[in-house]
Each structure stands twice: as C-alpha cells, then as structure tokens.
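User: Please give me a close look at one part of this structure, the packing between helices. I would like one connected account, with the cut-offs stated.

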Amino acid sequence: MVDSGEIEYSRRASRQRLIVFSLLFVVLTAAGLYAVYEQFAGRSMTFDTRLVAPETLIALFGLLLVYFVSDGLRLHFTLRALGHHLAYRAIFRLVFINLFFSNITPMATGGGFAQIWYLHNHGVPVGRATAATTIRTVLAILFIFSLTPFFLLTLKPLEGNMIAGGVETALAFFIVLYLGFFIVLLLRAHWLIGPLSALLRGARRFHIISETRHRRWQFKARREMLRFSQSFSDYIRGRLLFIGLSILFTAVFLLSLFSFPALLMYSLDYNVDYLVSLGLLVVTTFIMYFSPTPGAAGISEGVFGSFFQGILSGNHLLLVIVSWRFLTIYLGMIIGLVVLQKELVINQRRVR
C-alpha cells in the first residue's frame, strides 16, 4: 500500500518542478525577445492596429481552429489505426495538455510522458500509448526533416545566414541520429529491454527504488516494451483509411502551423512570398527540435528574428514574433494549464 504522505510529497515536488520550468520558460522567452529587439529590430517595436482588424481576427481564428483540430485528429487516427478509440472530448483535452508540458520541459520531453499518462488514464495500455505518441511524432519529423534540406539549399533569405550555415553543417548528423533512434524504437524496440532492465537494476542497487517496486517495474517494463514493439506492426497493418488520415492530418497540422507568420505579414500589408515564409518556418522548427531550452524558449525567437529580419521592418519584427508565439504556443499553454488542473481534480476523485 502506498503511503499517503509519500503521494503528497511526490505531488508537491512535481508542482515545484512545474513552477521552476515555467519560470525558466518565461525568463528565456524574455531574453530571446530582448535579443531580437537589440540585434535585429533596431531597438524598435510598434503595435499595429491592423493585427486586430475584424477580418484579421476572423482569419486568425479560422487558422487556429484548423491548427488545433488537425493536431487532435492526427493522434485520433493514429490511435484508430492501432485499434483504440477515444472520445473526441478526451483527445482535444490532450492537445492542450501536450502543448503545456512540451513547452515547459527541455527537448519537449514532458509532452510525451504527459500524453502517455493521460492516454493510460483513459484506458490505453502504456505500450500502445507510447507507440501512438511516438508514431505521431515520427510522422511530423519525417515531413520536417524531408523538407529542411530543400529549403536550406533554395531559399535566398538563408544565403550567408550564420545560423543557417551551422544548420547545414549539422543537418546530416542530426537527421541520421534522430531517425536512427526512432527506427530502433519502432522496429527493434526489444533491443531496449536490456538497457532498461540495467537502469532499473542500478536504481535498485543505489536504493532509489525498493525490491518490490524493482520486480514490479521490471515485469511492466518488459511487457510494455514488447507491446510497444508489436504496436508499430499493428499500425502498419491497420486500416488503410486510418493510416492515410493520420498522415493527412499531420500534413494539415504542419501546414497550418507554418502559415501563421505569412497570415500575420499579409495582415500588415507585406507582399508575402508564401513559399519563402513557409520554408523559413520549416527550418526554424527543425532547429527548435534540438533546442535544449523548454519549448525552445529564447532560441525560437532568436532564430525567427535572424531569418525574417530582411523581410519585416524593424518595428514589425518583434510584433510578429510575439503574435506568432502567442497564437501557436502561449495560448495553447494557457488553455492546457486550465485543462490539466481539471484533469488532475478528476483523477484525484477516481483515486478516492
């Protein structure tokens, strides 16, 4: 039986970590925006009322709707291909919980764990939940990693850009490393049972976990890893309709995500080359995947400012960056925090 004091201590520690990571996100975001203000925006920023014109707000709301709905549907159809069906209400709660966690933890690590925890609480086995979230991530990565080399080689705004030059140097290494990891995870997951068992044995040796918990976790780890390995095969053999829709909505999600800066610039009466704007966002997102900061805070703002400084005037550059991040990240995080609190309350009632 788990001690109630131990549970309360664990919850308190988790809350403290969330607060620390949230504060770190805010501080790094502020630092990134200040760096753009100093280096790329000429210490200038002007609010433009055209961004809150009725037609602009309607267009942004429509794009936001596509962005959030397609994010939920890409996971929904991945789960359907794996033979699981969750209510749409539960799926879209997870969209916002994931946005919150993935942006306050380094390398978006918390987002994956939060999704697995949530799906497991809604009846999906851990191995299946891990497979669904991993497959969803891999589909997005395949799109981004396939397009990044093309845009790096063809976009004029990236010619001579120091950041883009560094990306070109590291591109091949990161693609091989990242995709290699996911290939092993998806196709040879049983190879990871040995290292995972060794990690648990080490935790027991250093008295981090008890003997009883060690035996229980060893059994669960092996069982869920085998389930995970089987799940990818089940996805490939799933209904072609669900597989196709999971890929389609991944593409729609990414396209909507990359379209926000173009819409913001169009609203400010810039002559927007949509393909250039989209390409710059693809490369920016690629760099964000390897950012060690929570939600790529600070780095995403700096990279965006470096890439778009030749397209936007100084007084609009910071305005577009803040608007872009608010629409794609901050808004979803705020909603996610509210949804998470409600979910935790519901979960506590179930435990009681």
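Analyst: Helix 5 and its packing

In the protein chain, 76% of the contacts (heavy atoms within 4.5 Å) with a separation of 6 or more are between residues 24 or more positions apart. The model is predicted: local features need pLDDT of at least 70 and side-chain atom pairs count only at pLDDT 80 or more, while totals for chains, interfaces and linings use all residues. Residues are numbered from 1 along each chain as its sequence is written, and side-chain values use heavy atoms, leaving out hydrogens and water.

The protein chain has twelve helices and zero strands; these are DSSP runs numbered from the N terminus, of H or I and at least four residues for helices, of E and at least two for strands. Of its 352 residues, 49% count as buried, meaning under 20% relative accessible area, with exposed over 50% and partly exposed in between (1.4 Å probe, protein chains only).

Helix 2 and helix 5 pack at about 125° with their axes 9 Å apart. Axes are lines fitted to C-alpha atoms, for helices over the stretch in contact, and angles run from 0 to 180 degrees between N-to-C directions. The pair is therefore oblique, given that under 35 degrees counts as roughly parallel, over 145 as roughly antiparallel, 65 to 115 as roughly perpendicular and the rest as oblique. From helix 2, Asp71, Arg74, Leu75, Thr78 and Leu79 meet Ala132, Ile135, Arg136 and Ala140 of helix 5. By class, this contact has five nonpolar, one polar and three charged residues; Ala, Val, Leu, Ile, Met, Phe, Trp, Tyr, Cys and Pro count as nonpolar, Asp, Glu, Lys and Arg as charged, and the others, Gly among them, as polar.

Helix 5 also packs with helix 9, at about 55° and with axes 10 Å apart, so these two are oblique as well. Leu139, Ala140, Phe143 and Ile144 in helix 5 meet Ser246, Ile247, Thr250, Ala251, Leu254 and Phe258 in helix 9. The residues of this contact are eight nonpolar and two polar, with no charged ones.

Phe258 also belongs to the largest nonpolar core, of 51 residues, where Tyr67, Phe258, Phe260, Phe307 and Phe308 touch the most other members. Such a core is a set of buried Ala, Val, Leu, Ile, Met, Phe, Trp, Tyr and Cys residues joined through side-chain atoms within 4.5 Å. Among the elements giving it two or more residues are helix 2 (54-81), helix 5 (126-154) and helix 9 (240-267). Apart from it lies another core, of 36 residues, including Leu75 and Met333.
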